[in-house]
Amino acid sequence: MAKMSLDDLRKLRDDKKTDLRKREADGKEIQVIVGMGTCGIAAGAKQTLDAFIAGLDEHKLADTCLVRQTGCMGLCHSEPTIEVVVPGMPPVIYGNVDTKVAQEIIQKHLIGKELVGQYILDRPSADILGAN
């Protein structure tokens with residue numbers, strides 16, 4: 001293994017600090033929970049998880065949004081599945097979330113505070129949304 005310079009070591013340290021900060025739950029109100037059971041992984045959940053992590057970095061949401069993993073959500077027919085929890089909005093489970101859909105959810109749901117209806121599997125009831 002080649003020797004690392006002091007600058008290389010500092011960059012590595014800063015990168016690892018950033019990675020650790022992303023995993024901290026304190027102070028993060030928004031959660032994206034990715035189903036990572038074997039069914040989800042086989043359907044591409046790892047790529048979905050990576051897309052959310054990259055998208056949050058891109059939009060500078062890593063300090064306010066926690067991305068975490070869970071096991072199978074029981075919706076194997078619609079994998080990859082994710083649950084999104086945003087304060088002031090009902091928790092929503094989205095299905096068939098590939099990398100493109102992940103970007104749409106980041107833009108519309110996490111940033112724009114708008115549900116992405118065509119991918120919702122577990123639709124919030126009308127009384128929760130305040131509809132008549």
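In this predicted model, Lys-46 and Asp-50 sit four residues apart in helix H3, a separation of about one turn of the helix. Their side chains meet in a salt bridge, with an N to O distance of 2.9 Å. Both partners keep some contact with the surroundings: Lys-46 counts as partly exposed because its relative accessibility is 41%, and Asp-50 is partly exposed as well, with a relative accessible area of 36%. Side chains of opposite charge can pair when their charged atoms come close.

The count of salt bridges comes to five, and helix H1 offers further examples. Within H1 (residues 6-23), Arg-10 and Asp-7 are three residues apart, again about one turn of the helix. Their side chains form a salt bridge at 3.8 Å, N to O, which falls within the 4 Å cut-off. Asp-7 counts as exposed at 56% relative accessibility, whereas Arg-10, at 40%, counts as partly exposed. Lys-11 and Asp-15 also belong to H1; they are four residues apart and therefore separated by about one helical turn. The N to O distance in their salt bridge is 3.1 Å. Here the lysine is the exposed partner, since Lys-11 has a relative accessibility of 51% and the threshold for exposed is over 50%. Asp-15, at 35%, counts as partly exposed.

Attention now turns to the interior. The largest nonpolar core has 26 residues, and those with the most contacts inside it are Phe-52, Ile-82, Tyr-94, Ile-105 and Leu-110. At least two residues of this core come from each of strand S1 (30-35), helix H3 (45-58), S2, S3, S4 and H4. Tyr-94 gives a good view of how these pieces meet: leaving aside residues up to four places away in sequence, Tyr-94 touches Pro-80, Thr-81, Ile-82, Val-84, Ile-105, His-109, Leu-115, Val-116, Tyr-119, Ile-120 and Leu-121.

Helix H4 (99-111) deserves a closer look. Its buried residues are Val-101, Ala-102, Glu-104, Ile-105, Ile-106, His-109 and Leu-110, and S1, H3, S2, S3 and S4 are among the elements that cover them. A kink of about 30 degrees is centred on Ile-105. The end-to-end span nevertheless agrees with expectation: at 1.5 Å a residue, the 13 residues of H4 should span 18 Å, and the end C-alpha atoms are 17 Å apart. At the N-terminal end, Asp-98 acts as a cap, with a side-chain oxygen 3.2 Å from the backbone nitrogen of Lys-100.

Some backbone features in the loops round off the picture. On one side of H4, Asn-96 lies in the loop that follows strand S4 (92-94). Asn-96 has a positive phi of about 55 degrees, although it is not a glycine, and counts as partly exposed because its relative accessibility is 42%. On the other side, H4 is followed by Lys-113, again with a positive phi, near 55 degrees. Lys-113 is placed in the loop between H4 and strand S5 (120-122); it is not a glycine either, and at 42% relative accessibility Lys-113 counts as partly exposed. A cis peptide bond, with omega about -5 degrees, joins Glu-79 and Pro-80. Pro-80 belongs to the loop between strand S2 (65-70) and strand S3 (82-85), and this proline is one of the residues touched by Tyr-94.

Methods. Residues numbered from 1 in each chain as written. Predicted model: local features only at pLDDT ≥ 70, side-chain atom pairs only at ≥ 80, totals over all residues. Heavy atoms only, no water. Buried < 20%, exposed > 50% of the residue type's maximum accessible area, 1.4 Å probe, protein only. Core = buried A, V, L, I, M, F, W, Y, C linked by side-chain atoms within 4.5 Å. Contact = heavy atoms within 4.5 Å. Expected span 1.5 Å × (residues − 1). Bend = angle between axes of the 7 residues up to and from the residue. Polar contact = N/O pair within 3.5 Å; in protein donor to acceptor, adjacent residues only side chain to side chain.
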